[in-house]
Amino acid sequence: MASKGPVCLSYVFLKPEEATFIELSRLLFSSDIEKRKFITSSAVKKLDFKRRLIIFLSAVIQCILLLLRKPMAWLGGVLEKWLNLVSSNGGLLFLILNWLKGKVVIPDSSSTRSVLGFLDTRIELDDNIKPDDTRYNGSLSMMAAKLSYEKEKFIGKVVSEYWKMKLVAFHKFWNGYEKQESTQAFVFQDTTSDPNLVWVAFRGTEPFSADDWRTDFDISWCEFAGIGKTHGGFMKALGMQTEKSWPLEPETQDHESQLRRGTGGAVCIGAGNA
Ligand SMILES: *[C@@H]1O[C@H](CO)[C@@H](O)[C@H](O)[C@H]1NC(C)=O
């Protein structure tokens, strides 16, 4: 059963993609935000200039990011392909030599890294930090947060072959507002030191994803009973639905709900951007 209507006690949602530039600039000259169609708000009718300026900036930045979406993705894609090609051939010089010999090594999908993965190439866990070390949870969280930017196959390989742990799930969250999967997370079990401990690591902002940056700059918010105000951008990215907000129960018996029931262990969260 899903709850009907928005579960937010109060909210402000921005839809800058529906605003024209004239509509956006009117925000700066009139305190009456009810008239602005790209803002939906539960209670607020009038706002002072400072707040309207912040909404204006958030909306303008989001509009610019909407325009930059394709060129940014293209640039990121080219950079990633190139870095992987150079690295799998052992450097630029060897790439040229291999190319002359007609033997260029094409990286396979389980060894393809993200651009971030090239900035910090560490994969293995620090041997000096054992499971009973007070730094263990922190260091594993950091490595998991870093690994969350990689593709599923690469994550699977690192978790099993290097960490000797078990990858339980790799999940993409559907963003109903952007109509695409925009947030990724993976779940793993530290089978050797504590199999009851289940770890969840969320990917943060991908540098070449304009949609991720838009999420960060989206100042929409939603207040939940007993929880408080939450960042609308991240709630959308995590799967908040346009009509029902958050269903009370999962509608399908998906992998995640089985996981929640099947394991009694604690959950450590390492967010890529936290
Ligand atoms: C790591 O976190 C788990 C779950 O909170 C806890 O049971 C365990 O004692 C922690 N380990 C260390 C070394 O602090």
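Is aspartate 211 buried or exposed? I shall begin with that residue and then place it in the wider fold. Please keep in mind throughout that this is a predicted model.

Aspartate 211 belongs to helix H7, which covers residues 210-217. Its relative accessible area is 9%. Because buried means under 20% relative accessible area, aspartate 211 is buried. What does aspartate 211 touch, once its neighbours within four places in sequence are left aside? The contacts are Arg69, Glu178 and Gln180. With arginine 69 there is also a polar contact, in which the two side chains come to 3.0 Å.

Let me now step back to the chain as a whole. The protein chain has 274 residues, of which 40% are buried. Its secondary structure consists of nine helices and eight strands. Taking contacts between residues at least 6 apart in sequence, 57% of them link residues at least 24 apart.

I turn next to helix H2, residues 49-88. With 40 residues at 1.5 Å a residue, H2 should span 58 Å, and the 54 Å between its end C-alpha atoms agrees with that. The helix nevertheless bends, by about 50 degrees, at leucine 68. A proline, proline 71, follows leucine 68 within four residues. After H2 comes glycine 90, which has a positive phi, near 85 degrees.

An annotation is relevant here. In the unreviewed UniProt entry, residues 53-70 are annotated as "transmembrane region". In the model, those residues are 100% helix and 0% strand, and 28 Å separates the C-alpha atoms at the two ends.

Leucine 75 is also part of H2. How is leucine 75 classed at 46% relative accessibility? It counts as partly exposed, since that class lies between the 20% and 50% limits. Its C-alpha atom is 7.4 Å from that of phenylalanine 208, although 133 residues separate the two along the chain.

Helix H1, residues 21-29, also meets H2. The buried residues of H1 include Glu23, Leu24, Ser25, Leu27 and Leu28. The buried residues of this helix pack against H2 and against strand S2, residues 39-41.

The next topic is the nonpolar interior. In soluble globular proteins, nonpolar side chains tend to be buried together. The largest nonpolar core here has 19 residues, and those touching the most other members are Leu140, Leu147, Val159, Trp163, Met165, Phe186 and Phe188. At least two residues of this core come from each of helix H5 (136-147), helix H6 (152-162), strand S4 (180-190) and strand S5 (194-202). H5 gives the largest share, five residues. Another core, of 15 residues, lies apart from this one, and its members include Leu14, Ile33, Phe38 and Leu47.

Leucine 140 merits a closer look. Which residues does leucine 140 touch, not counting those up to four places away in sequence? They are Leu125, Trp163, Met165, Phe188, Asp190 and Trp199.

My last residue is tyrosine 177, which sits in the loop between strand S3, residues 166-175, and S4. With a relative accessible area of 25%, tyrosine 177 is partly exposed. The C-alpha atoms of tyrosine 177 and glutamine 241 are 7.5 Å apart, with their positions 64 residues apart along the chain.

To close, I return to the opening residue: aspartate 211 is buried, and its side chain makes a polar contact with that of arginine 69.

Key
Residues are numbered from 1 along each chain as its sequence is written. This is a predicted model: local features need pLDDT of at least 70, side-chain atom pairs count only at pLDDT 80 or more; totals for chains, interfaces and linings use all residues. Side-chain values use heavy atoms; hydrogens and water are left out. The expected span of a helix is 1.5 Å times one less than its number of residues. The bend at a residue is the angle between axes fitted to the seven residues ending there and the seven starting there. A nonpolar core is a set of buried Ala, Val, Leu, Ile, Met, Phe, Trp, Tyr and Cys residues joined through side-chain atoms within 4.5 Å. Buried means under 20% relative accessible area, exposed over 50%, partly exposed in between (1.4 Å probe, protein chains only). Contact means heavy atoms within 4.5 Å. A polar contact is a pair of N or O atoms within 3.5 Å; within protein, one must be able to donate a hydrogen and the other to accept it, and residues adjacent in sequence count only if both atoms are side-chain atoms. UniProt positions are given in the numbering used here, feature names are shortened, and annotations may be inferred rather than shown by experiment.
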